[in-house]
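User: Please go through the side-chain contacts of this structure with me. For each label, I would like to see the value set against the cut-off.

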Amino acid sequence: MVFDEGLAERTEGYFRTREEPIDTVAKKMIGGICYMVNGNMCVGILDDSLMSRVGKDGYESALAEPGTRQAIGNFKAMKGIVWIDPEAIADDARFGDWIERALAFVRTLPTK
């Protein structure tokens with residue numbers, strides 16, 4: 001498993017300290033670590049990049065933003081998931097925005 005420990009701490013801290021704290025479960029998967037909310041994958045970290053699950057409706061607009069790229073699985077785009085480069089999440093407000101986007105989508109899903 002290869003993921004940036006500092007980014008993992010930053011992510012966990014964000015979930016704990018937001019106005020309405022969110023309980024997450026960290027699972028090692030996709031070669032890194034993912035944070036599950038209500039049993040659903042929300043955000044993840046691989047190397048030094050953040051993965052945000054934005055859903056199919058938010059996918060194209062997310063990809064249009066600087067520092068984002070497609071998530072690829074089984075040689076095809078995983079629509080609804082984007083990777084965000086470290087430079088695009090250096091700012092705390094932008095970092096929080098990507099987590100909030102993922103939370104907004106995950107809250108539309110049934111609890112597993």
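Analyst: This is a predicted model. One place to begin is Arg 69, which is partly exposed at a relative accessible area of 35%.

User: Why is Arg 69 called partly exposed?

Analyst: Buried means under 20% and exposed means over 50%. Arg 69 has 35%, so the label is partly exposed.

User: What makes the contact between Asp 85 and Arg 69 a salt bridge?

Analyst: The N to O distance between the two side chains is 2.2 Å. The limit is 4 Å between a side-chain nitrogen of Lys or Arg and a carboxyl oxygen of Asp or Glu, so the pair qualifies. Asp 85 is in the loop between β6 (76–84) and α3, while Arg 69 is in strand β5 (residues 68–73), so the bridge ties together parts 16 residues apart in sequence. Asp 85 is partly exposed as well, with 23%.

User: How many salt bridges does the structure hold?

Analyst: The structure holds 8 salt bridges. Among them is the one between Glu 20 and Arg 107, whose closest N and O atoms are 3.4 Å apart. With a limit of 4 Å, that distance is accepted. This pair links distant parts of the chain: Glu 20 is in the loop between α1 and β1 (25–29), and Arg 107 is in the segment after α3, 87 residues apart. Arg 107 has a relative accessible area of 43% and is partly exposed.

User: Where do Arg 94 and Asp 97 lie, and how far apart are they in the chain?

Analyst: Both are in helix α3, 3 residues apart, which is about one turn of the helix. Their closest N and O atoms are 3.2 Å apart, and the contact is a salt bridge. Arg 94 is partly exposed at 30%, and Asp 97 is partly exposed at 28%. Salt bridges with shared partners join Glu 65, Arg 94, Asp 97 and Arg 101 into one network.

User: What else does Arg 101 contact?

Analyst: Arg 101 lies over the face of Trp 98, at 4.1 Å from the ring centre. The distance limit for a charge over a ring is 6 Å. Another such contact involves Arg 10, whose charged end sits over the ring of Phe 95, 4.0 Å from its centre.

User: How many aromatic pairs are there, and why is the pair of Tyr 14 and Phe 95 called edge-to-face?

Analyst: There are 2 aromatic pairs. For Tyr 14 and Phe 95, the centres are 6.2 Å apart and the planes are at 90°. Centres must lie within 6.5 Å, and planes over 60 degrees apart count as edge-to-face, so both conditions are met. Tyr 14 is in helix α1 (residues 5–17) and Phe 95 in helix α3 (residues 92–106), so the pair ties together parts that are 81 residues apart in sequence. Phe 95 counts as buried, at 2% relative accessibility.

User: Why is the pair of Phe 15 and Tyr 35 called tilted?

Analyst: The ring centres are 6.2 Å apart and the planes are at 40°. Stacked needs under 30 degrees and edge-to-face over 60, so this pair is tilted. Phe 15 is in helix α1 and Tyr 35 in strand β2 (residues 32–37), 20 residues apart. Both Phe 15 and Tyr 35 are buried.

User: How do you know that Cys 34 is in no disulfide?

Analyst: The nearest cysteine sulfur, that of Cys 42, is 9.7 Å away. A disulfide needs the sulfur atoms within 2.5 Å, so Cys 34 and Cys 42 do not form one. The structure holds 0 disulfides. Cys 34 is buried, with 0% relative accessible area, and Cys 42 is also buried at 0%.

User: What is noted about phi at Asn 38 and at Asp 47?

Analyst: Asn 38 is not a glycine, yet has a positive phi of about 55°. Asn 38 is in the loop between β2 and β3 (40–46), and is partly exposed at 42%. Asp 47, also a residue other than glycine, has a positive phi near 55°. Asp 47 is in the loop between β3 and β4 (49–53), and is partly exposed at 41%.

Terms used:
Residues numbered from 1 in each chain as written. Predicted model: local features only at pLDDT ≥ 70, side-chain atom pairs only at ≥ 80, totals over all residues. Heavy atoms only, no water. Phe/Tyr/Trp six-rings, centres within 6.5 Å; stacked < 30°, edge-to-face > 60°. Helix = DSSP H or I, 4+ residues; strand = E, 2+ residues; numbered from the N terminus. Buried < 20%, exposed > 50% of the residue type's maximum accessible area, 1.4 Å probe, protein only. Lys NZ or Arg CZ within 6 Å of the ring centre and 35° of its normal.
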